[in-house]
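Welcome! Have a look at the model below, then work through the exercises at your own pace.

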Amino acid sequence: MVKRIAIIDGKGGGIGKVLTEKIRRAYMDDIEIWVFGTNTAATTLMLNAGADDGATGENAIVTSINKVDFVISSLSLVMPNALLGEVTPKIAEAVSSCSPPKILLPLSRGNIHLVGAKPGPLPHLVDEVVRYLKEVI
């Protein structure tokens, strides 16, 4: 059975783009990648990076999040009002309380400090996501 992975991003979509490209390269057609952007720019960038399908906005995320096998995003997506307000309280609640396992990159800005999380450049964190997926899929 083909696994379905959701990648969620906002703002410019750069994190989601890198995730989509590397996961697509690692799995080719063995998985289905759905992308969700908090805005159209993020969704478009992730779709162009190799996603199978995608949608934009709160309702798309809230209604689709439990139809996937894994959710991948930055930690910001479980924080209401993050990304300069793009992460609505409904999005944060849907992501944090959805049934599929969540793989969250320890990236946050502002007054959130992650103690014990290993910071690193985005490409290295994405490589860790790909390695983790290979272990669990």
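Two strands pair if DSSP finds at least two bridges between them; helices (H or I, at least four residues) and strands (E, at least two) are DSSP runs, numbered from the N terminus. This is a predicted model, where local features need pLDDT of at least 70 and side-chain atom pairs count only at pLDDT 80 or more, while totals for chains, interfaces and linings use all residues. Residues are numbered from 1 along each chain as its sequence is written, and side-chain values use heavy atoms, leaving out hydrogens and water.

**Exercise 1. Find how many bridges join S1 to S4.**

Step 1: Locate S1 at residues 3–9 and S4 at residues 70–74, which run parallel.
Step 2: Count the bridges joining them: 3.
Step 3: Pick one example, Ile5, whose bridge partner in S4 is Phe70.

**Exercise 2. Work out the strand order of the sheet.**

Step 1: Read across the open sheet of 5 strands: S3-S2-S1-S4-S5, with parallel pairing.
Step 2: Check the edges. S3 (53–56) and S5 each have a single partner strand, so one side of each lacks a neighbour in the sheet.
Step 3: Add the twist, which averages 20 degrees from one strand to the next (angles run from 0 to 180 degrees between N-to-C directions of axes fitted to C-alpha atoms, for helices over the stretch in contact).

**Exercise 3. Which strands does H5 lie across?**

Step 1: Follow H5 over S1, S4 and S5 (contact means heavy atoms within 4.5 Å).
Step 2: Compare directions: H5 runs at about 165 degrees to S5.
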